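Let's take a walk through this fold together. Have the sequence and the model side by side as we go.

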Amino acid sequence: MSTIYEMITAGMKKAMLAKDTVALGALRGLKSALQNAQVARGNVHDELPENEAQNVVRKQMKQREDAIAMYEKAARPELAEKERAEIAVLASFLPQEMSEAEVLPILEAVLAELGATSKKDMGRVMKEMQARTEGRAPGKLLSALVAKRLS
């Protein structure tokens with residue numbers, strides 16, 4: 001599988017040829033965010049590990065979701081639609097999310113290993129669940145399942 005960096009370069013070329021300004025803008029923004037993360041790490045010449053690069057993609061998607069909420073509140077549906085299109089482009093750089101059915105067996109194993117039985121244990125369980133699902137399960141889903149199971 002290609003790295004995120006290779007996928008961005010290929011996507012930018014494809015967007016330029018297709019004259020897709022929305023996709024091109026989203027990819028340029030993502031490339032810039034990745035470079036900023038590299039600078040923050042201290043070395044511009046080393047690519048970020050795949051999991052850190054995926055976190056940058058998620059952060060970019062979250063920023064666009066926040067922008068959608070603001071645009072809808074301001075009655076600017078055309079701008080909100082542009083942000084949704086950019087989210088679709090960014091989502092292609094992430095692995096497919098896990099379903100509830102895939103998460104439940106992992107949750108049961110974590111609960112058994114940690115001996116978690118009450119809401120007090122939610123932080124420990126969430127930390128372990130996030131590590132085991134490697135960012136492939138949405139935080140809201142994990143939180144809901146853990147809270148339901150520990151209540």
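A couple of conventions will come up right away: the expected span of a helix is 1.5 Å times one less than its number of residues, and helices (H or I, at least four residues) and strands (E, at least two) are DSSP runs, numbered from the N terminus. What you're looking at is a predicted model, in which local features need pLDDT of at least 70 and side-chain atom pairs count only at pLDDT 80 or more, while totals for chains, interfaces and linings use all residues. Residues are numbered from 1 along each chain as its sequence is written, and side-chain values use heavy atoms, with hydrogens and water left out.

Start with the overall picture. The chain has 7 helices and 0 strands, so that, read from the N terminus, the elements go α-α-α-α-α-α-α. The C-alpha trace spans about 55 × 40 × 25 Å along its principal axes. Of the 151 residues, 32% are buried, where buried means under 20% relative accessible area, exposed means over 50%, and partly exposed is in between (1.4 Å probe, protein chains only). A contact here means heavy atoms within 4.5 Å. Of the contacts with a separation of 6 or more, 57% are made by residues 24 or more positions apart.

Now the surface. The chain exposes about 9500 Å², and carbon and sulfur atoms supply 55% of that; the areas come from the Shrake-Rupley method with a 1.4 Å probe, and for residues only the protein chains shown count as cover. There are 23 positive and 21 negative side chains, with the centres of the two sets 3 Å apart. For that tally, Lys and Arg are positive and Asp and Glu negative, with His and the chain ends not counted. Each charge is placed at NZ of Lys, CZ of Arg, CG of Asp or CD of Glu.

Let's zoom in on helix H1. Its 15 residues should span 21 Å at 1.5 Å a residue, and its end C-alpha atoms are indeed 21 Å apart. Which residues of H1 are buried? They are Ile-4, Tyr-5, Ile-8, Gly-11, Met-12 and Ala-15. Looking down the axis of H1, these buried residues fall within an arc of 120°, so they line one face of the helix. The arc is that of the directions from the helix axis to the C-beta atoms. The general background is handy here: an α-helix has 3.6 residues a turn, so residues three or four places apart point the same way. The buried residues of H1 pack against H2 and H3, while Lys-13, Lys-14 and Leu-17 are exposed on the other side of H1.

Just past H1 comes Lys-19, in the loop between helix H1 (4-18) and helix H2 (21-41). Its phi is near 55°, a positive value in a residue other than glycine, and at 70% relative accessibility Lys-19 counts as exposed. Ala-75, in the loop between H3 and helix H4 (77-91), also has a positive phi, near 60°. With 59% relative accessibility, Ala-75 counts as exposed.

Inside helix H3 (residues 50-73) you'll find Gln-54. Is Gln-54 buried or exposed? At 11% relative accessibility, Gln-54 counts as buried. Not counting residues up to four places away in sequence, Gln-54 touches Ile-4, Phe-93, Leu-94 and Pro-95.

Next, jump to helix H6 (residues 122-133), whose 12 residues reach 16 Å from first C-alpha to last, close to the 16 Å expected. Buried in H6 are Met-122, Val-125, Met-126, Met-129 and Thr-133. They cover an arc of only 100° around the axis, which puts them on the same side of H6. Their cover includes helix H5 (100-114) and helix H7 (139-150). The face turned away from that buried side carries the exposed residues Gly-123, Lys-127 and Ala-131. After H6 comes Glu-134, with a positive phi near 50°.

Two more residues tie this end of the chain together. Ala-109 lies in helix H5 and is partly exposed, with a relative accessible area of 31%. The C-alpha atoms of Ala-109 and Met-129 are 9.8 Å apart, though the two are 20 residues apart along the chain. Arg-136 sits in the loop between H6 and H7 and is partly exposed at 33%. Leaving aside neighbours within four places in sequence, Arg-136 is in contact with Arg-58, Pro-95, Gln-96, Glu-97 and Met-98.
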